[in-house]
Amino acid sequence: ELVAMESVGELSLEARPYAAGDLDGAFIAIAASDSAETDAEVAEEARERGVLVSVSSDAGASDFILPSVVRRGALQIAVTTGGGAPSVAREVRRCIADAYGQEWEGYTRLVAGVRVLGIERMGLSDAEMAPLFDAVESSSLRSRLQAGEKITPEQVFEEHSAVLGLGESS
């Protein structure tokens, strides 16, 4: 992927082993070589220079981690094994991606819209809206979205408003 990016001028790639001084002017570094010794050298140089570093094979030597992430719009689910087994994190991420399909992006956006309606239009707190969220969660909303139905936050609020004592739901 990096080679492809270089071929279209998006970055400049210099394929060679790590050398002391490579972190000159860096703000962040990722040590992800096939050598624990090289990764340790990168981490040491980073610490000496005040550069944030993530060591893929050693979370304890890292200032931050790079989890394996499933993104469904605002819904983001991160998995990490603390650097010990990245392949396991990828496998778990694939399982999560299968379990949480693309409909979760629309579902998350829709529930967020319902929350805004409750807060801004009705002056309700999250605690007061809990029965509404419970009703939405136990409804067929996700499967309706998965089937391609276009649903607005207003429709969801109206369909489930009876649980809030705001009238009959349709």
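**Helix α5 and the core around it**

In α5, one of the helices (DSSP runs of H or I of at least four residues, numbered from the N terminus), the residues Met129, Leu132, Ala135 and Val136 are buried, where buried means under 20% relative accessible area and exposed over 50%, with a 1.4 Å probe and protein chains only. These residues cover an arc of only 105° around the axis, which puts them on the same side of α5, the arc being that of the directions from the helix axis to the C-beta atoms. On the other side of α5, Ala127, Asp134 and Glu137 are exposed. The model is predicted, and local features need pLDDT of at least 70, side-chain atom pairs count only at pLDDT 80 or more, and totals for chains, interfaces and linings use all residues. Residues are numbered from 1 along each chain as its sequence is written, and side-chain values use heavy atoms, with hydrogens and water left out.

The cover over the buried residues of α5 includes α4, α6 and α7. Between α5 and α7, the packing angle is about 100° and the axes lie 10 Å apart, the axes being lines fitted to C-alpha atoms over the stretch in contact and the angles running from 0 to 180 degrees between N-to-C directions. The two helices are therefore roughly perpendicular, a term for angles of 65 to 115 degrees. Leu132, Ala135 and Val136 of α5 make this contact with Val156, Phe157 and His160 of α7, contact meaning heavy atoms within 4.5 Å.

Leu141 and Val156 have the most contacts inside the largest nonpolar core, which has 14 residues; such a core is a set of buried Ala, Val, Leu, Ile, Met, Phe, Trp, Tyr and Cys residues joined through side-chain atoms within 4.5 Å.

Methods
Parallel < 35°, antiparallel > 145°, perpendicular 65-115°, else oblique.
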